[in-house]
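This report describes one protein model for a reader at the bench. The sequence and structure come first, followed by notes on selected parts.

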Amino acid sequence: MNFIIFASTLILALVIAITLSKNKKTDALTQRDYWEQERLANNTRRKSLDNLNYIKLPMEIFPMELLNEIPKVDDYKQIIQTLSEAPIVNFTGISNTELKLRYGAPNIDLLTSYDQNYTLLVRTLQQWAQALYDAGYPEEACQLLEFAVSTGTDVSGTYRLLCEIYKAQNTPEKIGGLYPIAETLNSAMQKTIVRILQEADQSSC
């Protein structure tokens with residue numbers, strides 16, 4: 001009996017040792033590939049940014065005349081006004097290494113600022129839409145949310161609130177139109193957002 005236990009322990013130890021060895025080799029290869037890609041990226045020359053998918057803000061859909069008495073809403077409006085004159089590009093899910101390989105290392109600071117503008121945009125739209133909805137302006141909130149979705153936002157609250165508005169407006173079938181966008185999001189939030197849509201679909205049946 002002791003021999004069987006000893007043999008089993010030895011075999012288990014060997015399996016663990018082999019697995020750890022394989023993992024170390026895999027990690028080493030992954031790191032080597034990463035640094036090679038980073039080396040190539042840092043040596044990529046500047047490329048034109050003319051063909052980027054710049055996001056233009058449709059200022060006509062933003063309800064600038066509503067909730068002027070609320071300071072935080074005034075902040076949202078000022079942010080949108082500032083962003084309307086700034087370059088905005090959605091680079092969600094794309095690493096800096098990939099950006100440098102695509103557009104050149106000298107452009108990385110510009111590209112980062114474009115992406116930061118996008119992050120600020122979709123967060124501001126979500127917060128502003130929530131304030132409008134809470135104040136009794138669901139249609140205006142819906143406009144902001146639908147625009148955010150059209151840009152590929154991965155802010156889960158945007159999809160959740162939009163589903164709530166669709167159900168309140170007796171148009172739950174519109175939820176189905178959000179799936180094609182949600183399912184193609186290049187984001188860690190993609191599965192969460194799809195699940196939000198599925199739950200909203202089921203609760204509207």
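The model is predicted. A useful place to begin is Leu67, which sits in the loop between helix 1 (2-42) and helix 2 (71-83). Leu67 has a positive phi of about 60°, although it is not a glycine. With a relative accessible area of 7%, Leu67 is buried, because buried means under 20%.

**Overall make-up**

The protein has 8 helices and 0 strands, and from the N terminus on its elements run α-α-α-α-α-α-α-α. Of its 205 residues, 37% count as buried. The protein exposes about 12600 Å², and carbon and sulfur atoms supply 54% of that area. Among contacts between residues at least 6 apart in sequence, 69% join residues at least 24 apart.

**Helix 4 and helix 6**

Do the ends of these helices lie where their residue counts place them, and what span should be expected? For helix 4 (residues 108-134), 27 residues at 1.5 Å a residue should span 39 Å. The end C-alpha atoms of helix 4 are 39 Å apart, which agrees. Just after helix 4, Gly136 takes a positive phi of about 95°.

Helix 6 (156-168) has 13 residues, which at 1.5 Å a residue should span 18 Å. The end C-alpha atoms of helix 6 are 19 Å apart, and this agrees with the expected span.

The buried residues of helix 6 are Ser156, Gly157, Thr158, Tyr159, Leu161, Leu162, Cys163, Ile165 and Tyr166. They pack against helix 4, helix 5 (138-150), helix 7 and helix 8 (190-203).

Thr158 is one of the residues in helix 6. Its relative accessible area is 0%, so Thr158 is buried. Which residues does Thr158 contact, leaving aside its neighbours within four places in sequence? They are Gln126, Leu145, Ala148, Val149 and Thr153.

**After helix 6, and helix 8**

Asn170 follows just after helix 6 and takes a positive phi of about 60°. Like Leu67 in the earlier loop, Asn170 is not a glycine. Asn170 lies in the loop between helix 6 and helix 7 (179-182). Is Asn170 buried or exposed? It is exposed, with a relative accessible area of 66%, since exposed means over 50%.

Gln198 is found in helix 8. Gln198 is partly exposed, with a relative accessible area of 38%. Gln198 and Gly176 are 22 residues apart in sequence, and their C-alpha atoms are 9.1 Å apart in space.

The table sets out the relative accessible areas of the residues discussed above.

| Residue | State | Relative accessible area |
|---|---|---|
| Leu67 | buried | 7% |
| Thr158 | buried | 0% |
| Asn170 | exposed | 66% |
| Gln198 | partly exposed | 38% |

**The largest pocket**

Rolling a probe the size of a water molecule over the atoms shows where empty space is left. About 160 Å³ of space lies in the largest pocket. How many residues line the largest pocket? The lining is made of 13 residues, of which Asn90, Gly152, Thr184, Leu185 and Asn186 lie nearest the centre of the pocket. By type, the lining of the largest pocket divides into 4 nonpolar, 8 polar and 1 charged.

Conventions: Residues are numbered from 1 along each chain as its sequence is written. This is a predicted model: local features need pLDDT of at least 70, side-chain atom pairs count only at pLDDT 80 or more; totals for chains, interfaces and linings use all residues. Side-chain values use heavy atoms; hydrogens and water are left out. Helices (H or I, at least four residues) and strands (E, at least two) are DSSP runs, numbered from the N terminus. The expected span of a helix is 1.5 Å times one less than its number of residues. Buried means under 20% relative accessible area, exposed over 50%, partly exposed in between (1.4 Å probe, protein chains only). Contact means heavy atoms within 4.5 Å. Accessible areas come from the Shrake-Rupley method with a 1.4 Å probe; for residues, only the protein chains shown count as cover. On a 1 Å grid over the protein atoms alone, a cavity is a set of points where a 1.4 Å probe fits but cannot get out, and a pocket is an open set with protein on both sides within 12 Å along at least five of seven lines; lining residues have an atom within 4 Å of a point. Grid points are joined across faces, edges and corners, and a volume is the space filled by probe spheres set on the points. Ala, Val, Leu, Ile, Met, Phe, Trp, Tyr, Cys and Pro count as nonpolar, Asp, Glu, Lys and Arg as charged, and the others, Gly among them, as polar.
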